[in-house]
Amino acid sequence: MAPSTDWEEIKRLAADFQKAQLSSTAQRLSERNCIEIVTKLIELKLIDVIFTTDGKEYLTSQHLIREIKDELYVHGGRINTVDLAKELNVDLSQICANITEIIKGREVQLVSGYLIAHYYLEKIAREINEKLQLQGQISVGELTLQYDLPAELLQHSVLEKYLGKFIFGKQDVSEPRIFYTEEYIARTKAKIRGALMGLLKPTPIAVIISHCNLTDRLFLSLFDQLKAPGVLTGRQAGALYLPSCYTKSQNDWVMSFYKQNNYLEYDALSRLGISDPKGYVKRLFPNEDLTFLSTCVIGAQIKVQLETALEECISSRSYLDVISLLPSVLSDQDIENVLDALLKNSSRSTILFDNTVFSNHYIENLKQACMPMTQKNAEAVVKSGKYQQFCFEKQMSKATELAPAVHVDHKAERREERRRKAASGKGGGGTQGRETKTKTVKKHARSKQAAHDSDSDDGHNVSKKLQTQLEIVSVEDVENIIKEILENEGLEDLLNRIAEYLQGSLNQTALTIAKETADKLLQDASQNRKQTHVSAQDKINILVNDMKLYEKGLKLLPQDQQASFIKYLLKSLGGDVLGEFCKYAANQCNLSVQVDTLTVEQRNKIINDLTDEFTKPVLALNATLSEQNMELFYQAVDVCLTEFGMILKKIDKKKDKLLILNHREKLISELESCDDPALCLHLAVLAIFTILSQNMLHASGRQVNIIIAFLKSLLKEEDYAKLQYCHELVGKYLTTSDDEEKAEIEDKLKDELSTLKNMVNEIKKYK
Amino acid sequence: MVDESTRKTLSSIPLLQTKAGPRDKELWLNRLKEEYQALIKYVQNNKEADNDWFRLESDKTGTYWFGKCWYVHNLLKYEFDLEFDIPVTYPTTAPELALPGLDGKTAKMYRGGKICLTDHFKPLWARNVPRFGIAHAMALGLGPWLAVEIPDLIEKGVITYQEKSEEADK
């Protein structure tokens, strides 16, 4: 049976299992036991071993040292202790403890955690040399980075130690941390020399260095050995290299420019790279007589040129455009400075406009050209009265400015004076001598007044103001005249300046002329006034005299008729008297009266315009004209006369007769030459009246019939009839509107006229 | 995961081929034979490595196993009784090893002293059905469990050294 056998087998296996379980375990030291044993041994200090870090191995320190040395060798002579610890699976402290043993031998040193063998240093020395030969230059700093070793070690134990042995190069004298090869030095020198040779303009060192790929120090140390064609401005990195050819050409340019133009512009110099143009020029031309201006330097030659040109200009009486002689670069201010210095000597004979020097003569000529115009303007200004007005205004303004009280006083004084004069005139009884005396006083006062008006020393400031205020000669006037002259010279741009200059002096001249003219005019006026006074007095005398005579005549007429005659007399001759007074007063008050005889309106206007002192008496006189009372009129006239400083001459009886005679003759001669029938009749009637009554009569045409009626008693019948007839005809003639009738009457009248004339002559003879 | 030495031990135990439980009669015999062979090999290996740590025997049917296991800590040997049944569903279900002497003394244990195996054990076992046998369960389950739990229990003073058991063993 298979299963039973199988169970047997199971039993057997179970027995085997038990046997296997019960068999003694192999008595071998397990790892655990070993560790326990070794720990025990170490505890008992029976052995001196070191654990590996995993604790699975033990080694002796001698073995460790050997292993470290081997490891060092494997790594080429340099190994980190930490790496070593990992590599050898030994605790770092154990390694450190044993390293002291290793470095005792001098062949190995411990540098910042690295074990370094001498053969390693030799190796890197060779490497460095290779690199040096390749690069030409090597610095310790670079190597420090590359080898991760302290600079000190590299410097002393590698580079300096093996310099000349393995490393073929040269230590930089100034910088011991840098090493070069000779070829490198030579090459660099050549490079720098090339660069410097090639440079033609000042270049910052930094640019050269960066271009040649050098260090500052090397460049500067090599530069000294190079005998470079140029100089350095400094030893710093920011210094400039100035090639000598540049300096030379700079100097040459400056020299030649100065030689050629005799001036140097600072701008131009700084463009050439000269930082201190003034100092540079001074250095370059130590012996030249230079003038330093704000933008440039000019040499003596220019000044000499200018001077000669100026002299020539003065002597030739022309002008000199300075700009044409000076370099164009000069600023206006410079030109001014130059000219100031230049004109110091000859400023009296020259005038400067803008940059053109004019000799005084030239300007004088221009001025002369303007003189006629000035004269003309001045006269025109005086004539138009503008000047007087201006003077008056000026005085007014001055008076108000200084002290208004003075003005009042002055006025009061004038009035006082006038009153005194009038009083003296009245009191004097009207002798000739007295009259002249008052006149002289008047004249004196007036001339004084005039002098006061335009006195130059009583107000210099006013005369100055006068320049600005009264422009007799305008700039335009001057410009117009001198324009042509200047344009011919090509100086039109100075036209305005010159014109302004001339205008000042011309205006002054014009003012002087105006003053003179005005003075003359004033003198003339006072002369006139004197004459006017006399003539007005004479005229008034004559008129008043005439009126008295006429009055006498009209008294002959019937009483009832007299009023109309008086009225007419006052209206005509009284009006004339008033007119004369008005004219005189107007004259006194500086009112212009153009016409000879004044209309009533004109008279009234003048009266209104008169000053107070004149208005009152004249108004009174005017009032009497319509009063029909001769006495009142005479009284008014008297008041006027005293007020006006005039005198009524005494009536001379003989003279009266003469006057009447003259009047009669005048009437007759007028009648002779008269053709107009009405006028003829009028004249004839008046003549007859005068002849018969030995008195004059002043009558209008209307009053002719009254006179005829009056003459009836004195004339022969026939004469009277004739007159009557004539009068009728004239009346018809004047009233008719029919032309034919008019012509008819005129014919008749003409016949009558001759008889009328004859009648007058006959009456005269008869008488 | 299972530590290095356990893995090594495990790999040296021969794998089984027969998939049969106690109810499978003849096949169970084959299985049992293979179990024994594996156990013998395991024990031999242990002996050779001076790492003998248990005694085990079964009843006649091979469904109930009992014995002892021990653990050396600080040069002292701590010994415990070991027993377990072969479940009917064996080998799909792993045997539940039990240490009745430690019942109630540690949290890593079920009622009746059945040890709580690591999370890894069951999936590992499931993957290796039917190749794993009792020897594997011992090496993979009980061995690590003892190594972890016993020093801890000794530390806590839950179990103390017993002179007698050692002497008996010796």
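1. A residue is called buried here when its relative accessible area is under 20%. By that criterion, 47% of the 170 residues of chain B count as buried in this model, which is a predicted one. The exposed area of chain B comes to about 8900 Å², of which carbon and sulfur atoms supply 51%.

2. As to its secondary structure, chain B holds 5 helices and 3 strands, and read from the N terminus the elements follow the order α-α-β-β-β-α-α-α. Among the contacts in chain B with a separation of 6 or more, 54% are accounted for by residues 24 or more positions apart.

3. Within chain B, strand E1 (residues 54-58) and strand E2 (residues 64-73) pair in the antiparallel sense over 5 bridges, and one of the facing pairs can be named, since Phe54(B) stands opposite Cys69(B) in E2(B). The two strands E1(B) and E2(B) form a hairpin with 5 residues between them; in the turn, Gly62(B) has a positive phi of about 75°.

4. Which residues of strand E1 of chain B lie on the covered face, and which on the uncovered one? The covered face consists of Phe54(B), Leu56(B) and Ser58(B), whereas Arg55(B) and Glu57(B) make up the uncovered face. Phe54(B) therefore appears twice in this description, once as a residue of the covered face of E1(B) and once as the residue opposite Cys69(B).

5. Turning to chain A, helix H7 (residues 140-147) and helix H8 (residues 151-162) have axes that come within 9 Å and cross at roughly 105°. Because angles of 65 to 115 degrees count as roughly perpendicular, H7(A) and H8(A) are described as roughly perpendicular to each other. On the side of H7(A), the contact is made by Val140(A), Leu143(A) and Thr144(A), and on the side of H8(A) by Ala151(A), Leu154(A), Gln155(A) and Leu159(A). Sorted by type, the residues of this contact of H7(A) with H8(A) divide into 5 nonpolar and 2 polar, with no charged residue among them.

6. Chain A also contains an open sheet of 3 strands in the order E9-E11-E10, with antiparallel pairing. The edge strands of this sheet are E9 (203-204) and E10 (230-232) of chain A, each of which pairs on one side only. For strand E9(A), the antiparallel pairing with strand E11 (residues 240-243) of chain A runs over 2 bridges, and within E11(A) the bridge partner of Pro204(A) is Leu240(A).

Technical notes:
Residues numbered from 1 in each chain as written. Chains lettered and ligands numbered in written order. Predicted model: local features only at pLDDT ≥ 70, side-chain atom pairs only at ≥ 80, totals over all residues. Heavy atoms only, no water. Axes fitted to C-alpha atoms, helices over the stretch in contact; angles between N-to-C directions. Helix = DSSP H or I, 4+ residues; strand = E, 2+ residues; numbered from the N terminus. Parallel < 35°, antiparallel > 145°, perpendicular 65-115°, else oblique. Contact = heavy atoms within 4.5 Å. Nonpolar A, V, L, I, M, F, W, Y, C, P; charged D, E, K, R; others polar. Buried < 20%, exposed > 50% of the residue type's maximum accessible area, 1.4 Å probe, protein only. Areas by Shrake-Rupley, 256 points an atom, 1.4 Å probe, with all protein chains shown as cover. Pairing = 2+ DSSP bridges.
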